Amino acid sequence: MLWVGTWGGGLNRYDPHSGQFTRYQNNPDDPASLSHDLVTAIREDSQGRRWGGTCGGGLDLLDRQTGKFTRFQYDPHDPDSLSSDNVSTIFEDSAGGLGVGTGCYSNAGAGLNRLDPTSGKFTRYRNNPKDPTSLSSDNIVAIAQDAAGALWIGTGGYPLKGAGINCLDPQTGQVQRYQHDPHDPASLGNDDIMGLMIDSSGVLWAGTWGAAWTWPT
């Protein structure tokens with residue numbers, strides 16, 4: 001099956017055998033429908049569950065048997081809820097936790113969230129201007145994990161402003177930042193990140209809005 005996120009048409013599933021699409025779209029009168037029709041991220045986890053991130057409706061979990069969705073959304077009264085309904089990317093880490101980045105298109109992010117699969121609660125990682133070991137920006141565009149378990153987090157995303165790459169230690173919650181230094185030709189070429197990938201040799205590749213960069217993780 002091919003899953004397709006669309007700009008305003010919801011989530012679609014294409015069956016190559018029948019040539020037919022199944023549409024999953026928001027219905028304002030149905031709280032079990034897709035939360036928003038702007039779909040920004042799709043992920044199938046190691047348990048075969050289908051997750052969808054939306055720009056404005058939060059995170060959705062699809063029940064494939066019923067076609068109904070469970071919504072995970074921002075609640076200002078619950079610090080364990082998703083930090084923002086503007087989801088940019090979804091990533092499953094080696095421990096089975098779901099990393100959810102926020103900040104999509106012109107909607108500013110609210111950092112990185114990790115959903116604990118057991119408790120159903122989110123842990124938030126945010127930028128703190130007074131703490132250099134916090135995330136450098138709340139606009140999250142990409143997440144990758146290296147062999148040692150560290151999470152590499154790209155910040156930015158069109159058209160949001162980035163602040164480089166962060167290496168997050170999941171055990172301590174502390175971050176090491178990698179950013180552009182105009183006086184260092186070996187530094188990150190641009191702080192506006194568009195994508196990350198760790199290749200089979202352990203090298204981190206970063207696509208940026210204007211430059212390319214690699215780092216031997």
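A residue counts as buried when its relative accessible area is under 20%. By that cut-off Ser33 is buried in this predicted model, because its relative accessibility is just 6%. Ser33 sits in the loop that links β3 (20-24) to β4 (39-44).

So what does Ser33 touch, once its neighbours within four places in sequence are set aside? The list runs to Gln25, Asn26, Asn27, Phe69 and Arg71. Two polar pairings involve the Ser33 side chain. A polar atom of that side chain lies 2.9 Å from the backbone nitrogen of Asn27, and the side chain also reaches the backbone oxygen of Asp30, at 2.7 Å. As for Asp85, 52 residues from Ser33 along the chain, the two C-alpha atoms are 16 Å apart.

Turning to the nonpolar cores, nonpolar side chains tend to be buried together in soluble globular proteins. The largest nonpolar core here has 13 residues, and those touching the most other members are Trp152, Ile165, Cys167, Tyr178, Ile193, Leu196 and Leu204. Two or more residues each come from β12 (140-145), β14 (165-168), β16 (193-198) and β17 (203-208). Of the contributing elements, β12 gives the most, with three residues.

Ile193, one of the core residues named above, has its own set of contacts beyond four places in sequence: Val141, Gly154, Thr155, Gly156, Gly157, Gly164, Ile165, Leu188, Gly207 and Thr208. Apart from this core there is another, made up of 12 residues that include Trp51, Leu82, Val87 and Leu98.

Technical notes: Residues numbered from 1 in each chain as written. Predicted model: local features only at pLDDT ≥ 70, side-chain atom pairs only at ≥ 80, totals over all residues. Heavy atoms only, no water. Helix = DSSP H or I, 4+ residues; strand = E, 2+ residues; numbered from the N terminus. Buried < 20%, exposed > 50% of the residue type's maximum accessible area, 1.4 Å probe, protein only. Contact = heavy atoms within 4.5 Å. Polar contact = N/O pair within 3.5 Å; in protein donor to acceptor, adjacent residues only side chain to side chain. Core = buried A, V, L, I, M, F, W, Y, C linked by side-chain atoms within 4.5 Å.
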